Amino acid sequence: LGVSIQARTPVVSGFNDSIENIGATARYIAEELSPAVEYHLLPYHKFGEKKQQQLEWATDRAFTSQAPSDQHMAELKRTAESFGLKVFIGG
């Protein structure tokens, strides 16, 4: 259709931040969509934690995680680029 598509993956430490996971996602994008698709890796951030407090969510429902390091994000970016994708950190 000639429409530009961006693929975006929120990267959450301990959930989907493995080389294998990002590699499998990048392979799918390159092979099933198109290597011309821009791929954005979005590092987890804690901006939503204040909103959780404002909504008075019970602590057993609150989610916390650490932001992935810049070094780890660069490694994930190189992994995704190995499939011929144009990859960005952030988005």
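**Around Thr9: the sheet and its two helices**

Leaving aside residues up to four places away in sequence, Thr9 touches Asn16, Ile22, Thr25, Tyr39, His40, Leu41 and Leu42. That is a handy way into this structure, which is a predicted model. Thr9 itself is found in strand β1. Is Thr9 buried or exposed? With a relative accessibility of 11%, Thr9 falls under the 20% cut-off, so this residue counts as buried.

From here the view can widen to the sheet. Three strands make up an open sheet, lined up as β1-β2-β3, and their pairing is parallel. In general, the strands of a sheet pair through backbone hydrogen bonds, and they can do so in a parallel or an antiparallel way. β1 (6-11) and β3 (86-89) sit at the edges with a single partner strand each, so one side of each has no neighbour in the sheet. On average, and with direction ignored, neighbouring strands of this sheet are turned by 20° against each other.

Next, the pairings themselves. β1 is joined by six bridges to strand β2, which covers residues 38-43, and the two run parallel. Two of the residues in β1 can be matched to their partners in β2: Ala7 has Tyr39 as its bridge partner, while Thr9 has Leu41. Leu41 also turns up among the residues that Thr9 touches. To get from β1 to β2 the chain passes through α1, and this β-α-β crossover is right-handed. On the other side of the pairing story, β2 and β3 are linked in the parallel sense by four bridges. Tyr39 comes up again here, standing opposite Val87 in β3. Tyr39 is thus the bridge partner of Ala7 and also faces Val87 in β3.

Now for the helices and how they lie on the sheet. Helix α1 lies across β1 and β2, and runs at about 155° to β2. Helix α3 lies across β1, β2 and β3, and its angle to β3 is about 165°.

The two helices also meet each other. Helix α1 (residues 19-33) packs with helix α3 (residues 70-81) at an angle of about 35°, and their axes are 8 Å apart. The crossing of α1 past α3 is right-handed. Which residues meet where α1 and α3 come together? From α1 there are Ile19, Ile22, Gly23 and Ala26, and from α3 there are Glu75, Leu76, Thr79 and Ala80. Sorted by class, this contact has five nonpolar residues, two polar ones and one charged one. Ile22 has a part in both settings, since this residue touches Thr9 and belongs to the α1 side of the helix contact.

Thr79 gives a closer look at the α3 side. This residue has its place in helix α3 and is buried, with a relative accessible area of 15%. Residues up to four places away in sequence aside, Thr79 touches Ile19 and Gly23.

Ala30 does a similar job for α1, the helix where this residue has its place. Ala30 is buried, with a relative accessible area of 15%. Again not counting residues up to four places away in sequence, Ala30 touches Pro35, Phe83 and Leu85. How far apart are Ala30 and Glu81 in sequence and in space? In sequence, 51 residues separate Ala30 from Glu81, and in space their C-alpha atoms are 9.9 Å apart.

Notes: Residues are numbered from 1 along each chain as its sequence is written. This is a predicted model: local features need pLDDT of at least 70, side-chain atom pairs count only at pLDDT 80 or more; totals for chains, interfaces and linings use all residues. Side-chain values use heavy atoms; hydrogens and water are left out. Axes are lines fitted to C-alpha atoms, for helices over the stretch in contact, and angles run from 0 to 180 degrees between N-to-C directions. A crossing is left-handed if the near helix is turned anticlockwise from the far one by less than a right angle, and right-handed if clockwise. Contact means heavy atoms within 4.5 Å. Ala, Val, Leu, Ile, Met, Phe, Trp, Tyr, Cys and Pro count as nonpolar, Asp, Glu, Lys and Arg as charged, and the others, Gly among them, as polar. Two strands pair if DSSP finds at least two bridges between them. Buried means under 20% relative accessible area, exposed over 50%, partly exposed in between (1.4 Å probe, protein chains only). A crossover is right-handed if, with the strands pointing away from the viewer, the path from the first strand over the helix to the second runs clockwise.
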